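Here is a set of questions and answers on one protein chain. Keep the sequence and the 3D view open as you read.

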Amino acid sequence: MSHITEIIGERLRAKRTSLGWSQEYTAEQANLHPTYIGQVERGEKNATIESIFKICTALHYPTEELFKHVISENSQDTIANECYQLIIQQPVDQQKCLFIILENIISYKKG
């Protein structure tokens with residue numbers, strides 16, 4: 001599948017696991033099949049807008065947040081996007097720590 005389906009799948013999986021939910025429970029909440037949830041998370045299915053909306057609603061995950069900072073593969077911002085993807089998959093407390101570390105590194109390099 002495409003780069004965007006992988007990004008969206010990774011974000012949905014990260015949100016689901018941060019809630020401590022199984023794919024089965026998420027599927028039940030979204031009124032979808034558990035196999036479908038797994039396929040979307042792995043980027044194997046090109047989910048419909050309706051399915052994405054159902055999953056986001058079940059996870060209490062705003063769709064605008066799901067699609068935030070999705071950058072095409074051909075963008076020159078690919079490294080920044082990869083960093084964002086790594087950070088967004090972490091719990092919020094760890095995101096804050098990573099941000100502080102990054103700020104300190106940048107401040108140190110500026111001298």
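Q: Leaving aside neighbours within four places in sequence, which residues is Thr5 in contact with?
A: This is a predicted model. Thr5 is found in helix H1, which covers residues 3-18. Contact here means heavy atoms within 4.5 Å. Once neighbours within four places are set aside, the partners of Thr5 are Val40, Gly43, Lys45 and Asn46.

Q: Does Thr5 count as buried or exposed?
A: The cut-off for buried is under 20% relative accessible area. Thr5 has 9% relative accessibility, so Thr5 counts as buried.

Q: What pattern does the protein chain follow along the sequence?
A: The secondary structure comes to seven helices. The count of strands is zero. Read along the sequence, the pattern is α-α-α-α-α-α-α.

Q: What box do the C-alpha atoms of the protein chain fill?
A: The protein chain has 111 residues. The box is taken along the principal axes. Its dimensions are roughly 55 × 30 × 20 Å.

Q: What percentage of the residues in the protein chain is buried?
A: A residue is buried when its relative accessible area is under 20%. Thr5, at 9%, is one of the buried residues. Of the 111 residues, the buried share is 28%.

Q: Among contacts with a separation of 6 or more, what percentage comes from residues 24 or more positions apart?
A: Take the contacts in the protein chain with a separation of 6 or more. Then pick out those between residues 24 or more positions apart. They account for 58%.

Q: How many salt bridges does a search of the whole structure find?
A: Side chains of opposite charge can pair when their charged atoms come close. One such pair is Arg16 with Glu41. Another is Glu44 with Arg42. The search of the whole structure gives a total of four.

Q: Which helices does the salt bridge between Arg16 and Glu41 tie together?
A: The closest N and O atoms of Arg16 and Glu41 are 2.5 Å apart. The two residues are 25 residues apart in sequence, so their pair ties together separate parts of the chain. Arg16 lies in helix H1 and Glu41 in helix H3.

Q: Do Arg16 and Glu41 count as buried or exposed?
A: Arg16 has a relative accessible area of 8%. For Glu41 the value is 3%. Both values are under 20%, so Arg16 and Glu41 are buried.

Q: Which residue is linked with Arg16 and Glu41 in a network of salt bridges?
A: Arg16 and Glu41 form a salt bridge. They also belong to a network of salt bridges. The residue linked with them is Arg13.

Q: What separates Lys54 and Glu50 along helix H4?
A: Lys54 forms a salt bridge with Glu50, and their closest N and O atoms are 3.9 Å apart. Helix H4 covers residues 49-59. Lys54 and Glu50 are four residues apart in that helix, so they are separated by about one helical turn.

Q: Where does Asn31 lie?
A: Phi of Asn31 is near 60°, a positive value in a residue other than glycine. Asn31 counts as exposed, at 63% relative accessibility. Its place is the loop between helix H2 and H3.

Q: What value is phi of His60 near?
A: His60 lies in the loop between H4 and helix H5. At 63% relative accessibility, His60 counts as exposed. Its phi is positive, in a residue other than glycine, and is near 55°.

Q: Which residues make a nonpolar surface patch of about 250 Å²?
A: Ile101 is one of the residues in the patch. Ile101 is in helix H7. Its relative accessible area is 47%, so Ile101 is partly exposed. The patch is made by Leu98, Ile101 and Ile105.

Q: What distance separates the C-alpha atoms of Cys97 and Ala27?
A: Cys97 is found in helix H7, residues 92-110. Cys97 counts as partly exposed, at 46% relative accessibility. Cys97 and Ala27 are 70 residues apart along the chain. Their C-alpha atoms are separated by 32 Å.

Terms used. Residues are numbered from 1 along each chain as its sequence is written. This is a predicted model: local features need pLDDT of at least 70, side-chain atom pairs count only at pLDDT 80 or more; totals for chains, interfaces and linings use all residues. Side-chain values use heavy atoms; hydrogens and water are left out. Buried means under 20% relative accessible area, exposed over 50%, partly exposed in between (1.4 Å probe, protein chains only). Patches are made of residues with over 30% relative accessible area and no salt bridge: like charges are joined within 9 Å, nonpolar side chains (Val, Leu, Ile, Met, Phe, Trp, Tyr) within 5 Å. Accessible areas come from the Shrake-Rupley method with a 1.4 Å probe; for residues, only the protein chains shown count as cover. A salt bridge is a side-chain nitrogen of Lys or Arg within 4 Å of a carboxyl oxygen of Asp or Glu.
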